[in-house]
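Student: I have a structure to read and many terms to learn. Can we go through them with one question at a time?

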Amino acid sequence: MELPTIPAKTIVHRNKSTAWFGTQYTMNLYKGCCHGCIYCDSRSECYGVQDFDSVRVKENALVTVRNELRAKAQTGVVATGSMSDPYNPFERDLLLTRRALELLGAYGFGAAIATKSTLITRDIDVLREIKAQAPVLCKITVTTVDEALAAKIEPHAPTPGARLAAIGQLAKNGIFAGILLMPVLPFITDTPESVRALVHAAADAGARFVYPAFGVTLRQNQREYFLQKAEEAFPGENLAARYVHRYSTRYECASPNARALWQCFTEACDKYGLLYEMRDIIAAYKQGYHTQQLSLFGAED
């Protein structure tokens, strides 16, 4: 399968901070995404991704990844999925993410994957091999368990039920997996009932954690895109006007119910034994590995 290519001098980038899930590096093999989520911040103008809904692949991606991993003075956990889903539909045939994970394992690096795709379960064998020597963290985004609602806000992504089933498969194979509950959309998914239902479903699936963001980020052209799509998906609810009235041009749009949602969320997580604090999640998935990798503060190359 042929995909348009884009040049890339480097692919494995050193993170300025390890605060986000304790990762030392970031690796994105693809650019663009075809899930069609109406809220995606990666569509923002500041990232410079033209034609965001079309997937492209970085030139000589695997050779570049191999050379960069070989050159690193220190191993660590490599995150993927920050700007584009590493398991887009083209990955089924191209196998770039799978081959890159194999390289991580070969050079002693850990992996932290963020995705909405159930294709991640294809690579359980590779993830188990990495896990034998380095930390592995799988984060699957689920914003609602309401399938009809998800179809409106994430039209081309797998259903919430399918994503939860993928978490179950990962968990049964000993992979540390959980849910990114983000964004929680003001006036759309920000109800206690929605949050409790999702936490309950996460526990049933075997998730180890749920990490939330009770709001959404809107900036530059992404704001206009979101407001237009929200109006189309929820006709008659005046969502665009409600967002403009409450948030004006603010980047961070926290739910008006954020405080109450946090309380019911933490109560539900505590009830089911799910982690939800970043430090606890990092410590749990890195437990048992070298103390250097347990550190929240990675040394420079």
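**Values against definitions**

Student: Which strands help to line the largest pocket?

Tutor: β4 (30-31), β6 (77-80), β7 (110-115), β8 (136-141) and β11 (215-217) each supply at least two residues of its lining. Strands (E, at least two residues) and helices (H or I, at least four) are DSSP runs, numbered from the N terminus. This is a predicted model: local features need pLDDT of at least 70, side-chain atom pairs count only at pLDDT 80 or more, and totals for chains, interfaces and linings use all residues. Residues are numbered from 1 along each chain as its sequence is written, and side-chain values use heavy atoms, with hydrogens and water left out.

Student: What makes a space a pocket?

Tutor: On a 1 Å grid over the protein atoms alone, a pocket is an open set of points with protein on both sides within 12 Å along at least five of seven lines. Lining residues have an atom within 4 Å of a point. The largest pocket has a volume of about 1,400 Å³. Of its 48 lining residues, D41, S42, G81, S82 and M83 are the closest to its centre.

Student: Why is the pair F21 and F209 called tilted?

Tutor: Rings of Phe, Tyr and Trp (its six-membered ring) pair if their centres lie within 6.5 Å; planes under 30 degrees apart count as stacked, over 60 as edge-to-face and the rest as tilted. The ring centres of F21 and F209 are 6.2 Å apart and the planes are at 50°, so the pair is tilted. F21 lies in the loop between β2 (12-14) and β3 (25-27), and F209 in the loop between α7 (192-205) and β10 (210-212), so the pair ties together parts 188 residues apart in sequence.

Student: How do you know whether F21 is buried or exposed?

Tutor: Buried means under 20% relative accessible area, exposed over 50%, partly exposed in between (1.4 Å probe, protein chains only). F21 has 0% relative accessibility, so F21 counts as buried. F209 is at 0% too, so F209 counts as buried.

Student: What makes F214 and F265 an edge-to-face pair?

Tutor: Their centres are 5.7 Å apart, with 75° between the planes. F214 sits in the loop between β10 and β11, and F265 in helix α10 (residues 258-272), 51 residues apart. F214 is buried, with a relative accessible area of 12%.

Student: How do you know that R43 sits over the ring of Y225?

Tutor: A charge sits over a ring if NZ of Lys or CZ of Arg is within 6 Å of the ring centre and within 35 degrees of the ring normal. The charged end of R43 is 3.9 Å from the centre of the Y225 ring. R242 lies over the face of F187, at 4.3 Å from the ring centre.

Student: Why is C37 in no disulfide?

Tutor: A disulfide is a pair of cysteine sulfur atoms within 2.5 Å. The nearest cysteine sulfur to that of C37, that of C33, is 6.4 Å away. The count of disulfides comes to zero.

Student: What is unusual about the backbone at F187?

Tutor: Most residues other than glycine have a negative phi, and most peptide bonds are trans. Phi of F187 is near 70°, a positive value in a residue other than glycine. F187 lies in the loop between β9 (177-181) and α7. At 24% relative accessibility, F187 counts as partly exposed.

Student: Which peptide bond is cis?

Tutor: The bond from M182 to P183 is cis, with omega near 0°.

Note on methods
1 Å grid on protein atoms, 1.4 Å probe; cavity = no way out; pocket = protein on both sides within 12 Å on 5 of 7 lines; lining within 4 Å. Points joined across faces, edges and corners; volume = space filled by probe spheres on them.
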